[in-house]
Amino acid sequence: MEAIIEVKNLTTKFGERIIHDNISFKIFKKDIFALLGGSGSGKSTLLNTMIALNRPVSGVVKILGKNILELDPQEMLSMQLNFGVLFQFGALFSSLNILDNLTLSLREYTILPPKAIKDIAMMWLNKVGLKQEVANLYPNELSGGMIKRVGLARALSLSPKILFLDEPTSGLDPKGAREFDNLIKELRDLLELNIIMITHDMDSVKGIVDRMIILKDKKIFFEGSLKELSQQSDSIDLFLYQI
Ligand SMILES: Nc1ncnc2c1ncn2[C@@H]1O[C@H](COP(=O)(O)OP(=O)(O)OP(=O)(O)O)[C@@H](O)[C@H]1O
């Protein structure tokens, strides 16, 4: 199996405080991969390290065959264009309507004419299951589930190869959460995306996650599939809800 991301001997620190102590793991092509662990176990720090927003003390973070810690600024920019990120609260600009939120990156990073940019934004709106009328609304006129979908459309706007999702189902009711899970899976299948997500939602883990790591005490406590985890733990539910 081909690894799309390979983290080797990674150590991260804030000041003198070690967050990850020499951890290694692999994310394989097209897997929906979850970063799990209790509060403060270092999930966000790890995600930020993978998207180069946090610099580790040592180690290798190989993404699409390149160690991102060795890239010059221009190479890093090209690498980051392969990433789409959905932040936990959608991170939309409240003063811009949905269309302008969706076209922001396209206007900044492409030289496409305005009509093509609008068409691409509308295509993504459609792909995440929202009606075209939503384009003219402002973020405060949308439900939590709609904001997540717009955030997802924005993360996809530059056609990334790798999608990072921070707590994609948090704040959604159970029905909305399962609908969002289904959307993530559909998009993975349709677009052959690689998806890495932080989650506390065990129904998502059971429903759509292929492989995962569980962070604990600065180390990787478990790496593998849910099936492999269940072979190690008798009461998997109890175990997962305790992390
Ligand atoms: N910028 C920072 N400066 C100093 N310490 C930080 C910084 N960011 C995170 N930390 C600390 O690093 C540790 C790991 O934080 P992180 O946010 O990565 O954990 P997490 O697993 O994502 O937690 P949660 O599930 O609560 O969001 C925490 O103890 C946190 O206080």
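So, N54: leaving aside its neighbours within four places in sequence, this residue is in contact with T12, F14, T45, N48 and T49. What we have here is a predicted model, so please hear everything I say in that light. N54 sits in the loop between helix 1 and strand 4, which covers 58-63. Is N54 buried or exposed? At 15% relative accessibility N54 counts as buried, because the cut-off for buried is under 20%. The side chain of N54 also makes a polar contact, 3.0 Å, with the side chain of T49.

Keep two of those contacts of N54 in mind, F14 and T45, since both turn up again around the ligand. Let me go there now.

The residues around the ligand are F14, R17, I19, G38, S39, G40, S41, G42, K43, S44, T45 and H200. By class, that shell has 8 polar residues, 2 nonpolar and 2 charged. Which elements supply at least two residues each? Those are strand 2, residues 17-28, and helix 1, residues 43-50. Helix 1 gives the most, with 3 residues.

Now the polar atoms. T45 has a polar side-chain atom 2.5 Å from an oxygen of the ligand. At G40 a backbone N or O atom lies 2.9 Å from a ligand oxygen. For G42 a polar backbone atom is 3.0 Å from an oxygen atom of the ligand. How much of the ligand does the protein bury? Taken alone the ligand exposes 630 Å², and 58% of that is buried by the protein.

Okay, strand 2, since we've just met it. Two residues there are worth a stop, N22 and S24.

N22 lies in strand 2. Its phi is positive, about 60 degrees, although N22 is not a glycine. As a reminder, most residues other than glycine have a negative phi. N22 is partly exposed, with a relative accessible area of 39%.

If you move along past the strand, K30 shows a positive phi too, about 65 degrees, and K30 is not a glycine either. K30 is in the loop between strand 2 and strand 3, the latter being 32-37. With 34% relative accessibility, K30 counts as partly exposed.

Back to S24, which is also in strand 2. S24 comes out partly exposed, at 36% relative accessible area. What does S24 touch, once we leave aside neighbours within four places in sequence? The contacts are V7, K8, N9, I220 and E223. With N9 we can be specific: a polar atom of the S24 side chain lies 2.9 Å from the backbone nitrogen of N9. For a sense of scale, S24 and A177 are 30 Å apart in space, C-alpha to C-alpha, and 153 residues apart in sequence.

E223 is a good bridge to the interior, because S24 is in contact with E223 by the 4.5 Å heavy-atom criterion, and E223 is also on the list for M212. M212 touches F33, A34, L36, V205, F222, E223, G224, S225, L226 and L229, not counting residues up to four places away in sequence. And M212 belongs to the largest nonpolar core, which has 41 residues. Which members of that core touch the most others? They are I98, L125, L152, L163, L165 and M212. There is a second, separate core of 27 residues, including L46, I63, F164 and I213.

I98 takes us to helix 3, residues 98-109, where the buried residues are I98, L99, N101, L102, T103 and L106. What do they pack against? The answer is helix 4, which is 114-127, and helix 5, which is 144-156. At the start of helix 3, a side-chain oxygen of N97 reaches to within 3.2 Å of the backbone nitrogen of L99.

One last stop, N182. This residue is in helix 6, residues 174-191. N182 is partly exposed, with a relative accessible area of 45%. Its C-alpha is 8.7 Å from that of G207, with the two positions 25 residues apart in sequence terms, counted as their separation.

That's my tour. If you open the structure, try starting from N54 and T49, whose side chains make that 3.0 Å polar contact, then go on to T45, which is in contact with N54 and sits among the residues around the ligand.

Technical notes
Residues numbered from 1 in each chain as written. Predicted model: local features only at pLDDT ≥ 70, side-chain atom pairs only at ≥ 80, totals over all residues. Heavy atoms only, no water. Near = heavy atom within 4 Å. Polar contact = N/O pair within 3.5 Å; in protein donor to acceptor, adjacent residues only side chain to side chain. Areas by Shrake-Rupley, 256 points an atom, 1.4 Å probe, with all protein chains shown as cover. Helix = DSSP H or I, 4+ residues; strand = E, 2+ residues; numbered from the N terminus. Nonpolar A, V, L, I, M, F, W, Y, C, P; charged D, E, K, R; others polar. Core = buried A, V, L, I, M, F, W, Y, C linked by side-chain atoms within 4.5 Å. Buried < 20%, exposed > 50% of the residue type's maximum accessible area, 1.4 Å probe, protein only.
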